Amino acid sequence: NDSIGEKRQQHTCLQEKDEMDAAPPLDSSLTQHLVQVAASATLFFGLYRLSTHLLLSFLQRPQVLRTFDAKTKLEMALNSISFLHGVLATVVTCYIMYVGGWVVPEGSSAALAVSRVPVALADQTGDQGLLFLFGTTRMAEYLVLLTEGYLVYDLAMISYFWTSLGLTTRDLGMVLHHLLGISVLAFVSLTSVAYELVVSFILYEVSTPWLYVCWYMKVFDRTTSSFMPVAFGMFWLCFLFGRIVWTLYMLSIIWGLTPLLQYLAAHEPFGTTLLLFAYIPTTLMLVLNIFWFVLINREAYAQLHPMASSSPITLTTTTTTTTTTT
């Protein structure tokens, strides 16, 4: 297989023709993207409706020995969808990262951008760095659209049920998280760049299933179960390494690509936005995750030492305010 550097030479001689044929008009691409995201969000809303129906049927069974108020039932339905997305996103992300197969599609706007990178800078960046910013796979494209649709759905549900869920200004960090995610995913889909970077951040979801396992165990009075410390420990480890340590690692990769990002900012229409999106949302997400991790540890300390805190500390999840106990 030819290296990306060799393929750059093949693109250069056809650059003007490809430049005219490669990308559809922006409004056409935007319309198609909006339709796809709307379909994805509708899918999750349909799953929410199904989850609500199944949940009500389950809670009416005689084996369920306790009743739940309306707020808890709503949280159950919303959290079941977040749990489902967390599992699905984690599995698909791990599959994509394990299988690899990142390519720069022939004739695409990404291929044109690669062909215009100076030889010396391309050699300095290497094929791996170029693929990191310009490579894609079909599975990655589907995952990005699915996750963007989920964030749109979840943000809509959070906004609609804000009062019912008892959310406060303290939970605005969750809204910021969703808005950052939607804007970055939309940018990636519309420009066809930085797919590998974004897929790497979807790995954040690795901690989500364990969070909801802990939440459901608390709701169904299973906090004294011997599995509870295991579930919380897995959540704690996944949050630490899957979010904070992983973000620091991704920032180190982005830092190494700074010369290429600066060149793209000066010479490509999407370059400045890509440079800003590479650093600003990543840094903000790191700050948010550190803040949430501090709350997690304070929560754990308060549960292990009940007299240390007279007021409960809540842990903000992606759909509601949840207290996780150990």
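In this tour, Ala, Val, Leu, Ile, Met, Phe, Trp, Tyr, Cys and Pro count as nonpolar, Asp, Glu, Lys and Arg as charged, and the others, Gly among them, as polar. The model on screen is predicted.

**Stop 1: the crossing of H7 and H9**

Select residues 138-160, which form helix H7, and residues 195-202, which form helix H9. The axes of the two helices come within 10 Å and cross at roughly 55 degrees. Angles from 65 to 115 degrees count as roughly perpendicular and those under 35 as roughly parallel; H7 and H9 are therefore oblique to each other. Their crossing is left-handed.

Now show the side chains where the helices touch. On H7, select Ala140, Glu141, Leu143, Val144 and Thr147. On H9, the partners are Tyr195, Val198, Val199 and Ile202. Sorted by type, the residues of this contact are seven nonpolar, one polar and one charged.

**Stop 2: the largest cavity**

How many cavities of 30 Å³ or more does a search of the whole structure find? There are two. Go to the largest cavity, whose volume is about 400 Å³. To find its centre, select Gly181, Val184, Val198, Phe201 and Met285, which are the closest to it among the 24 lining residues. Val198 was already selected at the first stop, as part of the contact between H7 and H9.

Next, colour the helices around this cavity. H7, H8 (172-191), H9 and H13 (271-304) each supply at least two residues of the lining. Which helix gives the largest share? That is H8, with seven residues. The lining as a whole divides into 18 nonpolar residues, five polar and one charged.

**Stop 3: the second largest pocket**

Keep H9 on display, and add helix H6 (119-134) and helix H11 (227-256). These three helices are the elements that give two or more residues to the lining of the second largest pocket. The space in this pocket is about 250 Å³.

Which residues lie closest to the centre of the pocket? Select Gln128, Phe132, Glu196, Tyr249 and Ile253, out of 14 that line the second largest pocket. H11 provides the largest share of this lining, with four residues. By type, the lining has nine nonpolar residues, four polar and one charged.

**Last view**

Finish with H9 alone in colour. H9 crosses H7, supplies at least two residues to the lining of the largest cavity, and gives two or more to the lining of the second largest pocket.

Terms used
Residues numbered from 1 in each chain as written. Predicted model: local features only at pLDDT ≥ 70, side-chain atom pairs only at ≥ 80, totals over all residues. Heavy atoms only, no water. Axes fitted to C-alpha atoms, helices over the stretch in contact; angles between N-to-C directions. Parallel < 35°, antiparallel > 145°, perpendicular 65-115°, else oblique. Left-handed = near helix turned anticlockwise from the far one by under 90°. Contact = heavy atoms within 4.5 Å. 1 Å grid on protein atoms, 1.4 Å probe; cavity = no way out; pocket = protein on both sides within 12 Å on 5 of 7 lines; lining within 4 Å. Points joined across faces, edges and corners; volume = space filled by probe spheres on them.
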